[in-house]
Amino acid sequence: MAAATAPPPPAIAATFSALLRRHAVRTCRLRPFYARCVASNARAEAAEPECRSGGRGGTRLEEAVPAGEGRSRIDAWISARLGGGGVSRARVQASIRAGLVAVNGRPVSKVSHMVKGGDLVSCTVSELQPLRAEAEDIPLDIAYEDDHVLVVNKPAHMVVHPAPGNANGTLVNAILHHCRISTFTCLARNSSGDECPDSSDDDIDVFDVDQFATEDVSSEVRDALVRPGIVHRLDKGTSGLLVVAKDEHSHAQLAEQFKLHTIRRVYISLTCGVPHPNSGRIEASIARDPNNRIRMVAIAGSGHRYARNAASRYKVREVFAGGGSALVEWRLETGRTHQIRAHAKYLGIPLLGDETYGGTKSMALSLLRPRTPSKYHSALSDLISKVDRPCLHAALLGFKHPHSGKILEFSCPPPDDFTEVLGELRRVTSGD
């Protein structure tokens, strides 16, 4: 597919502002990029794709953490020492879970186990447990593509990567078909789906293909393989922009940008209620909810043992129905699992349609109906009843191109289900 050409950089701000202002956003599935998204400073960068070869099962590491070195996660510490040998962090995590890593002679099972100066770490890299992913002819809404990166507009309800019990219909299956690759294998994750995996965007190894099923393909195909590397992800119910690395260098460079929080990400959401004040910064650590494994919880302070620091900025763009709902813009400083959803609940304004975090249909209607004219109640109830996912959309994504160093920035309007609700909220507000 031909790469997109770009409008001048000021078009990004203008397009994004227009998205938030206008009363109806019309989108068309699978149109060319210029009709669907806007790119700033984007140009195709041509170069040879890179590939990485096979597994490193059985590789041994036995090393003491240098005295005076601060505390580090064990998966990060080991991968920093083995990464140059082609062992990914995902592979290290699989080795830890398999009981092949010990600290001071005692096996550890948690990838988040902390090591400190003087600890003796021993590790045997596990053999791959391949999860086979097949190429599937699933349409992709491509915002930008060159030889190194692919930016896609993920639809709601699509899982990003295969997992045990969910090996088909994912974004990766679609990318394999788009890249003309028949099959590949990847490390199987322990999670049963995409709803609440153990890692977050900041873990930078959300999905890493470690080895291809080389015994099943010809040498010609092996030589031409391009590995789709998912550097970050969106929840199953979240729509919007996501970048995919197409070679090892790009994966590493983009991962580092996520680690340093230099990636620009802007989301828009519809909320139950309106936050007070209308803009601000939330710094509330996020941990897994002990009462519900698929849910995270935002915690004030740093007292929780397993909580991870998380910070978000928000700004109310529009208020609907006298405060019954709002269009809220979010900018992420970190990338924790379910960060926006957990922070919205923490503020008392769960995302509309987010049943997991309290944004139920009944809550939405309890806030909207008393604040809107009765003539709109029936239509509003019908529309809210159809909402089947959190109203959250990744509207803008910006990063430095891993090869050229140019700043690329993309924006994309929300899909029809989001804009239909947005339009009805604007209608009942103007009628009020």
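Author: Contact, as used below, means heavy atoms within 4.5 Å of each other. The model is a predicted one, in which local features need pLDDT of at least 70 and side-chain atom pairs count only at pLDDT 80 or more, while totals for chains, interfaces and linings use all residues. Residues are numbered from 1 along each chain as its sequence is written, and side-chain values use heavy atoms, with hydrogens and water left out.

Reader: How many helices and strands does the protein have?

Author: Helices (H or I, at least four residues) and strands (E, at least two) are DSSP runs, numbered from the N terminus. By that rule, the protein has 10 helices and 21 strands.

Reader: What share of the residues in the protein is buried?

Author: Three classes are used: buried (under 20% relative accessible area), exposed (over 50%) and partly exposed (in between), with a 1.4 Å probe and protein chains only. Of the 432 residues in the protein, the buried ones make up 54%.

Reader: Among contacts between residues at least 6 apart in sequence, what share joins residues at least 24 apart?

Author: The count takes in contacts between residues at least 6 apart in sequence. Of these, the share that joins residues at least 24 apart is 73%.

Reader: Which residues of helix H9 are buried, and where do they lie around the helix?

Author: In H9, residues 377-386, the buried residues are His377, Leu380, Ser381, Leu383 and Ile384. Seen down the axis of H9, they fall within an arc of 170° (taken from the directions from the helix axis to the C-beta atoms), so they line one face of the helix. On the other side of H9, the exposed residues are Ser378 and Lys386. The buried face is that of His377, Leu380, Ser381, Leu383 and Ile384.

Reader: Which helices are among what covers the buried residues of H9?

Author: The cover of the buried residues of H9 includes two helices, with residues 361-368 and 416-431. They are H8 and H10.

Reader: How are H8 and H9 oriented to each other?

Author: Axes are lines fitted to C-alpha atoms, for helices over the stretch in contact, and angles run from 0 to 180 degrees between N-to-C directions. The axes of H8 and H9 come within 10 Å and cross at roughly 155°. Angles under 35 degrees count as roughly parallel, over 145 as roughly antiparallel, 65 to 115 as roughly perpendicular and the rest as oblique. H8 and H9 are therefore roughly antiparallel.

Reader: What is the hand of the H8 and H9 crossing, and which residues make the contact?

Author: A crossing is left-handed if the near helix is turned anticlockwise from the far one by less than a right angle, and right-handed if clockwise. H8 passes H9 in a crossing that is right-handed. The contact is made by Lys361, Ala364, Leu365 and Leu368 of H8 and by Leu380, Ser381, Ile384 and Ser385 of H9.

Reader: How do the residues of the H9 and H10 contact divide by class?

Author: In H9, Ala379, Leu380 and Leu383 meet Glu420, Val421, Glu424, Leu425 and Arg427 in H10. The residues of this contact divide into five nonpolar, no polar and three charged. Here Ala, Val, Leu, Ile, Met, Phe, Trp, Tyr, Cys and Pro count as nonpolar, Asp, Glu, Lys and Arg as charged, and the others, Gly among them, as polar. The division is thus five nonpolar, no polar and three charged.

Reader: Are H2 and H3 oblique or roughly parallel?

Author: Helix H2 (residues 74-82) and helix H3 (residues 89-97) pack at an angle of about 125°, with axes 9 Å apart. That makes the relation of H2 to H3 oblique.

Reader: Is Leu176 buried or exposed?

Author: Leu176 lies in helix H4, residues 171-178. In sequence Leu176 is 42 residues from Glu134, and in space 7.4 Å, C-alpha to C-alpha. At 0% relative accessibility, Leu176 counts as buried.

Reader: Which residue does a cis peptide bond join to His276?

Author: Most peptide bonds are trans. This one is cis, with omega about 0°. The partner of His276 lies in the loop between strand E14 (264-272) and strand E15 (279-283); it is Pro277.

Reader: What is the phi of His338?

Author: Most residues other than glycine have a negative phi. His338, in the loop between strand E19 (325-332) and helix H7 (339-346), is buried, with a relative accessible area of 4%. Although His338 is not a glycine, its phi is positive, about 60°.
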